[in-house]
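I opened a new notebook page for this one. The structure goes in first, and my entries come after.

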Amino acid sequence: MMSKSLAGAIVEAKCPRCRKGNIFSVSIFSFNKLTDIKHSCEVCNASFQPEPRFYDGAMYISYAFSVALVIAVFVAINVLVDVPKLWMYLTTIVVINLVLLPAMLRYSKVLYLYAVGKLKYKEGY
């Protein structure tokens, strides 16, 4: 059996150590407890909560996602519309931010766990 790639494990929000267990207890389409992370992996028993308030640093990644989104919307509107109005920028940014907010919040925690967490991939789980 082939091991899951790093990118595939991040996209699917899998455990950094075994790349099989789920980091979140609910689906991304469930708005109840959307960003609640499990305490440990059900496959390899790796702890997803290395210390209290560990995921507070994920807000910087979430902020970077929001800034990138705003820049992308500004560029897209400037390319697609000859004379854009202020309301076009504001409504587009608000609507797209609301639609992508669950994914941005979730993946900021996943990326933070992979980048800062001490869990390293081990073959054989």
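These entries record what I looked up, topic by topic.

**Confidence**

I note at the start that this is a predicted model. I looked up the mean pLDDT of the protein and found 89. I also found that 97% of its residues reach 70 or more. I then went through the confidence by region. It is lowest in helix H1, residues 6-11, at a mean of 91. It is highest in helix H2, residues 58-80, at 94.

**Fold and overall dimensions**

I counted secondary structure next. The protein has three helices and zero strands. Along the sequence I read the pattern as α-α-α.

I checked the radius of gyration and got 18 Å for the protein. A compact globule of 125 residues would have a value near 14 Å. The box around the C-alpha atoms, taken along the principal axes, is roughly 55 × 30 × 25 Å.

I looked up burial as well. Of the 125 residues, 33% are buried. The protein exposes about 8100 Å². Carbon and sulfur atoms supply 66% of that area.

I also looked at contacts between residues at least 6 apart in sequence. Of these, 56% join residues at least 24 apart.

**Nonpolar cores**

Which residues have the most contacts inside the largest nonpolar core? I found Cys 15, Ile 23, Cys 41, Phe 48, Tyr 55, Val 110 and Leu 113. This core has 20 residues. I then asked which elements give two or more residues to this core. They are H1 and helix H3, which spans 86-116. The largest share, four residues, comes from H3.

I picked Cys 15 for a closer look. I left aside its neighbours within four places in sequence. Cys 15 is then in contact with Lys 20, Gly 21, Ile 23, Cys 41, Cys 44, Ala 46, Phe 48 and Tyr 114. Apart from the largest core lies another one, of five residues. Among them I noted Val 73, Ile 77, Tyr 89 and Ile 93.

As background, I jotted down that nonpolar side chains in soluble globular proteins tend to be buried together.

**Phe 74**

I went on to Phe 74, which is found in helix H2. Its relative accessible area is 33%, so I logged Phe 74 as partly exposed. I left aside its neighbours within four places in sequence again. The contacts of Phe 74 are then with Tyr 89 and Ile 93. Phe 74 and Ile 93 are 19 residues apart in sequence. Their C-alpha atoms are 8.6 Å apart in space.

**Cysteines**

How many disulfides does a search of the whole structure find? I got zero. I wanted to know why Cys 18 and Cys 41 form no bond. The sulfur of Cys 18 has its closest cysteine sulfur in Cys 41, at 3.6 Å, and that is too far for a bond. I ran the check from the other side. For Cys 41 the closest cysteine sulfur is in Cys 18, again at 3.6 Å. The cut-off I used is 2.5 Å between cysteine sulfur atoms.

I looked up burial for both. Cys 18 counts as buried, at 4% relative accessibility. Cys 41 is buried too, with a relative accessible area of 3%.

**Positive phi**

I searched for positive phi values outside glycine. Most residues other than glycine have a negative phi. Asn 45 has a positive phi of about 65° although it is not a glycine. I placed Asn 45 in the loop between H1 and H2. It counts as exposed, at 59% relative accessibility.

Arg 53 also turned up, with a positive phi near 60°. Arg 53 is found in the loop between H1 and H2. Its relative accessible area is 67%, so I logged Arg 53 as exposed.

**Two valines**

Is Val 83 buried or exposed? Val 83 is exposed, with a relative accessible area of 60%. Its place is in the loop between H2 and H3. I took one distance from there. The C-alpha atoms of Val 83 and Ala 68 are separated by 22 Å, and the two residues are 15 apart along the chain.

My last lookup was Val 116, in helix H3. Val 116 counts as partly exposed, at 38% relative accessibility. Val 116 and Ala 58 are 58 residues apart in sequence. From C-alpha to C-alpha, Val 116 and Ala 58 are 9.7 Å apart in space.

Note on methods. Residues are numbered from 1 along each chain as its sequence is written. This is a predicted model: local features need pLDDT of at least 70, side-chain atom pairs count only at pLDDT 80 or more; totals for chains, interfaces and linings use all residues. Side-chain values use heavy atoms; hydrogens and water are left out. pLDDT is the predictor's confidence in each residue, from 0 to 100. A nonpolar core is a set of buried Ala, Val, Leu, Ile, Met, Phe, Trp, Tyr and Cys residues joined through side-chain atoms within 4.5 Å. Buried means under 20% relative accessible area, exposed over 50%, partly exposed in between (1.4 Å probe, protein chains only). Contact means heavy atoms within 4.5 Å. The radius of gyration is taken over C-alpha atoms; the globule rule is 2.2 Å times the number of residues to the power 0.38. Accessible areas come from the Shrake-Rupley method with a 1.4 Å probe; for residues, only the protein chains shown count as cover.
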